[in-house]
Amino acid sequence: AEKPIVKHPSVYWEGVSVLVAYGVALMNLGAKRAGPSEAQANEAIDYYCRAAGVFRLAAATWAPRIPALKGLPVCPEMNSEMLQALAEQALGQAQLQAVCKGERKGISPTTLLRLRLGAGERVAAAAAHLARLPKAVAEE
């Protein structure tokens with residue numbers, strides 16, 4: 001008999017795997033759709049925001065149930081803190097797209113600065129989530 005490749009054969013692990021793949025695909029679409037027109041910026045922002053929602057859903061619902069399975073270690077991308085970090089990163093990217101859109105529309109420098117500051121805060125929040133990863137997960 002062959003050994004299973006996946007150590008977490010459960011519906012929770014499978015669900016988070018699908019959601020992570022979907023969230024990453026949405027972030028990739030956001031990066032590809034970003035462009036000089038307002039419609040392209042709006043589309044990219046929409047994809048980034050949807051990706052953030054998918055990551056938050058996975059982090060809040062299914063990912064917390066994975067560690068309870070047979071005491072096995074959790075892959076880093078299946079950890080709630082990592083998923084929250086990905087959500088913050090996606091929202092930061094959406095804010096940066098909003099900054100680019102605002103620059104093209106001639107929005108006031110103060111508003112642009114606030115948007116940039118918000119994007120920086122999202123990246124800092126993502127770093128904080130990564131810092132809270134359990135040491136065993138962070139080293140994998």
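**Close-up views of a helical chain**

**View 1. Helices α3 and α4 pack side by side.** The axes of α3 and α4 lie 8 Å apart, and the two helices pack at an angle of about 165°. An angle over 145° counts as roughly antiparallel. α3 and α4 are therefore roughly antiparallel to each other. α3 passes α4 in a left-handed crossing. The residues of this contact divide into 13 nonpolar, seven polar and five charged. The model shown here and in every other view is predicted.

**View 2. The whole chain, for orientation.** The protein chain has five helices and zero strands. From the N terminus on, its elements run α-α-α-α-α. Of the 140 residues in the chain, 35% are buried. Contacts between residues at least 6 apart in sequence were also sorted by separation. Of these contacts, 75% join residues at least 24 apart.

**View 3. Helix α3 and its cover.** Helix α3 covers residues 80-105. At 1.5 Å a residue, its 26 residues should span 38 Å. The end C-alpha atoms of α3 are 37 Å apart, which agrees. The buried residues of α3 include leucines L83 and L91. Alanines A85, A87, A90 and A94 are buried as well. So are G92, Q97, V99, K101 and G102, along with E88. What covers these buried residues includes α1, α2 (38-62) and α4 (109-131).

**View 4. E88, an acidic side chain in α3.** E88 is found in helix α3. Is E88 buried or exposed? Its relative accessible area is 9%. Buried means under 20%, so E88 counts as buried. Which residues does E88 touch, leaving aside its neighbours within four places in sequence? E88 is in contact with R56, R122, A125, A126 and H129. Of these partners, R56 falls within the range of α2 (38-62), while R122, A125, A126 and H129 fall within that of α4 (109-131).

**View 5. Helices α1 and α2, a second left-handed pair.** The axes of α1 and α2 come within 8 Å and cross at roughly 165°. That makes α1 roughly antiparallel to α2. The crossing of α1 and α2 is left-handed. The residues of this contact divide into 20 nonpolar, four polar and three charged.

**View 6. Helix α1 and its buried residues.** Helix α1 runs over residues 11-33. At 1.5 Å a residue, its 23 residues should span 33 Å. The end C-alpha atoms of α1 are 33 Å apart, which agrees. Buried residues of α1 include W13, V16, L19, V20, L26 and M27. Glycines G15, G23 and G30 are buried too, as is S17. These buried residues pack against α2 and α3.

**View 7. Helices α1 and α3 meet.** The axes of α1 and α3 come within 11 Å and cross at roughly 20°. An angle under 35° counts as roughly parallel. α1 and α3 are therefore roughly parallel to each other. Their crossing is left-handed. Which residues make the contact? V16, V20 and M27 in α1 meet L83, L86, Q89 and A90 in α3. By class, the contact has six nonpolar, one polar and no charged residues.

**View 8. Helix α2 between two partners in packing.** At 1.5 Å a residue, the 25 residues of α2 should span 36 Å. The end C-alpha atoms of α2 are 36 Å apart, which agrees. Several alanines of α2 are buried, namely A41, A44, A51, A52, A58 and A59. Aromatic residues Y47, Y48 and F55 are buried too, and so are I45 and V54. The buried residues of α2 pack against α1 and α3.

**View 9. Exposed positions P36 and A39.** P36 is in the loop between α1 and α2. At 63% relative accessibility, P36 counts as exposed. P36 and R104 are 68 residues apart along the chain. Their C-alpha atoms are separated by 8.3 Å. A39 lies in helix α2. With a relative accessible area of 54%, A39 is exposed. A39 and K101 are 62 residues apart along the chain, and their C-alpha atoms are separated by 9.5 Å. K101 itself is among the buried residues of α3.

Technical notes. Residues are numbered from 1 along each chain as its sequence is written. This is a predicted model: local features need pLDDT of at least 70, side-chain atom pairs count only at pLDDT 80 or more; totals for chains, interfaces and linings use all residues. Side-chain values use heavy atoms; hydrogens and water are left out. Axes are lines fitted to C-alpha atoms, for helices over the stretch in contact, and angles run from 0 to 180 degrees between N-to-C directions. Helices (H or I, at least four residues) and strands (E, at least two) are DSSP runs, numbered from the N terminus. Angles under 35 degrees count as roughly parallel, over 145 as roughly antiparallel, 65 to 115 as roughly perpendicular and the rest as oblique. A crossing is left-handed if the near helix is turned anticlockwise from the far one by less than a right angle, and right-handed if clockwise. Contact means heavy atoms within 4.5 Å. Ala, Val, Leu, Ile, Met, Phe, Trp, Tyr, Cys and Pro count as nonpolar, Asp, Glu, Lys and Arg as charged, and the others, Gly among them, as polar. Buried means under 20% relative accessible area, exposed over 50%, partly exposed in between (1.4 Å probe, protein chains only). The expected span of a helix is 1.5 Å times one less than its number of residues.
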